[in-house]
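Please open the model in a viewer and keep the sequence panel visible. The tour below proposes selections in turn and states what each one shows.

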Amino acid sequence: MSTQRASRRRLTLTGIGVAALVAGTLTMANASAATPAPTPDTLTSSAASKLADSLSADLENSAAGTYYDTAAKKLVVNVLDGAAADKVRASGAEARLVENSQAQLKAVQKDLGESAVPGTSRGVDPRTNKVVVTADSTVKGAALAQLKRDVAAQDGKAVLKRTAGKFTTLIRGGDAIYASGGRCSLGFNVVKNGQPYFLTAGHCAALAGTTWSESQGGSAIGTAEDYGFPGRDDAIVKYTASVAHPSEVNLYNGGAQQITGARTAVVGEQVQRSGSTTKLHGGSVQRLNVSVTYPQGTVNGLIQTNVCAEPGDSGGAMFAGNSALGLTSGGSGNCSSGGQTFFAPVTDALSRYGAQIG
């Protein structure tokens, strides 16, 4: 197999459907009349992600979520008090005073998840400072009525949204990587203990198989060493054949995007997803740490986006520039009418498996 061919297939990403959510606005913390608040720094989404991680650790319980304002190119941080707001402004970000703490909203998300039914998702929206519950088209009748009651019981800390389609993980035949039960696309090439591996979705291994080839019925190129689904949705596959494994993503225009590292996604940033069915598509990050209940069970800690995807895109990657962000998990919709997709964070998978982008 040629290196060029490997770079197209080996780093082809995959996606699956999605969920739709809507964001609102909150009030900003007032700056002192005597001392005007400093102007927020202009940041790239990558720099905003690093600053968000730093501030989350520094502020601990005083922060209530962050998002990236793509128009102003600034990081916005929700805070609960003036002291935290001062720290945020001093760091170069913008502070917004909000009512609900991150702990309160996480408790609401957990509470709603205890009675979750298939076809629903739950995630904290930093723009509205609330938990957004999304129900797909399969949630109806008594289940929908109960869901509405559960959301209403959260004292204004949660809202219910609907989305067309069905939250699901989809695998079907196509030109990507194949197992005995179907096909998925490779996410990112990684290195573990000096040996080549690649990441893909856990549901690909759980539902399609653990031995993968480049063509249907072809010679094996890798075997899943570890995976998880449901609960989480990632897998690490060890290469068992001598094939090229460049750290790139297929852009489906004759070129490829080099991937040099992985980082945490930030709400509001623009991202891309590459898949063997629908090729390259873009959108924005809507929520982090989302829980989605598929027919097979609930997956936690996902990234929610408004990027479209279709059957056969499953298992691949989301990225921004040269940074790996996520592995496609599932969702609803398509690339004709639009949709949304959930992704498993790459940083979580790398940490879990002791691997590095490379």
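Which residues are linked in a network of salt bridges? Select Asp-226, Arg-232, Asp-234 and Arg-352, which form that network; a salt bridge is a side-chain nitrogen of Lys or Arg within 4 Å of a carboxyl oxygen of Asp or Glu.

Before continuing, note the conventions: this is a predicted model, in which local features need pLDDT of at least 70, side-chain atom pairs count only at pLDDT 80 or more, and totals for chains, interfaces and linings use all residues. Residues are numbered from 1 along each chain as its sequence is written, and side-chain values use heavy atoms, with hydrogens and water left out.

**Confidence**

Colour the chain by pLDDT, the predictor's confidence in each residue, from 0 to 100. The protein chain has a mean pLDDT of 88, with 88% of its residues at 70 or more. Among its elements, helix α1 (residues 3-9) has the lowest mean, 42, and α7 the highest, 98. Helices (H or I, at least four residues) and strands (E, at least two) are DSSP runs, numbered from the N terminus. Over residues 1-34 the pLDDT is below 50, and this stretch has 159 contacts in the model beyond near neighbours in sequence; contact means heavy atoms within 4.5 Å.

**Strand β13 and its partners**

Return to the network and display Asp-234 with Arg-232, whose salt bridge has its closest N and O atoms 2.7 Å apart. Asp-234 is buried at 2% relative accessibility, while Arg-232 is partly exposed at 22%. Here buried means under 20% relative accessible area, exposed over 50%, and partly exposed in between (1.4 Å probe, protein chains only).

Next, select strand β13 (residues 234-239). It is largely enclosed by the rest of the structure, because 5 of its 6 residues are buried. Strand β12 (residues 220-228) pairs with β13 in the antiparallel sense over 6 bridges, and Ala-224 has Val-237 as its bridge partner. Two strands pair if DSSP finds at least two bridges between them. The β12–β13 hairpin has 5 residues between its strands, and Gly-231 in the turn has a positive phi of about 95°. β10 also pairs with β13, antiparallel over 4 bridges, with Tyr-197 opposite Lys-238 as bridge partners.

**Lys-192**

Where does Lys-192 lie? Select strand β9 (residues 188-192), which contains it. Lys-192 is buried, with a relative accessible area of 16%. A polar contact of 2.6 Å joins its side chain to that of Glu-225. Such a contact is a pair of N or O atoms within 3.5 Å; within protein, one must be able to donate a hydrogen and the other to accept it, and residues adjacent in sequence count only if both atoms are side-chain atoms. Not counting residues up to four places away in sequence, Lys-192 also touches residues including Tyr-197, Ile-236 and Tyr-353.

**The nonpolar cores**

Now show Phe-188, Val-190, Leu-199 and Tyr-294, which have the most contacts inside the largest nonpolar core, a set of 27 residues. A nonpolar core is a set of buried Ala, Val, Leu, Ile, Met, Phe, Trp, Tyr and Cys residues joined through side-chain atoms within 4.5 Å. Elements giving two or more residues to this core include β9, β18 (279-294), β21 (323-334) and α7 (346-353). The largest share, 4 residues, comes from α7. Another core lies apart from it, with 17 residues, among them Leu-43, Ala-52, Ala-63 and Val-266.

**Strand β20 and the Arg-273 pair**

Which residues of β20 are buried on its two faces? Ala-317 and Phe-319 are buried on one side, and Met-318 and Ala-320 on the other. β20 pairs with β21 in the antiparallel sense over 4 bridges, with Ala-317 opposite Leu-327. The two strands form a hairpin with 2 residues between them, and Gly-321 in the turn has a positive phi of about 60°.

Strand β17 (residues 270-275) runs antiparallel to β20 and is joined to it by 2 bridges; Arg-273 stands opposite Met-318. Finally, select Arg-273 with Asp-313, whose side chains meet in a salt bridge (3.5 Å, N to O). This pair links distant parts of the chain, 40 residues apart, with Asp-313 in the loop between β19 and β20. Arg-273 is buried at 0% relative accessible area, and Asp-313 is buried at 0%.
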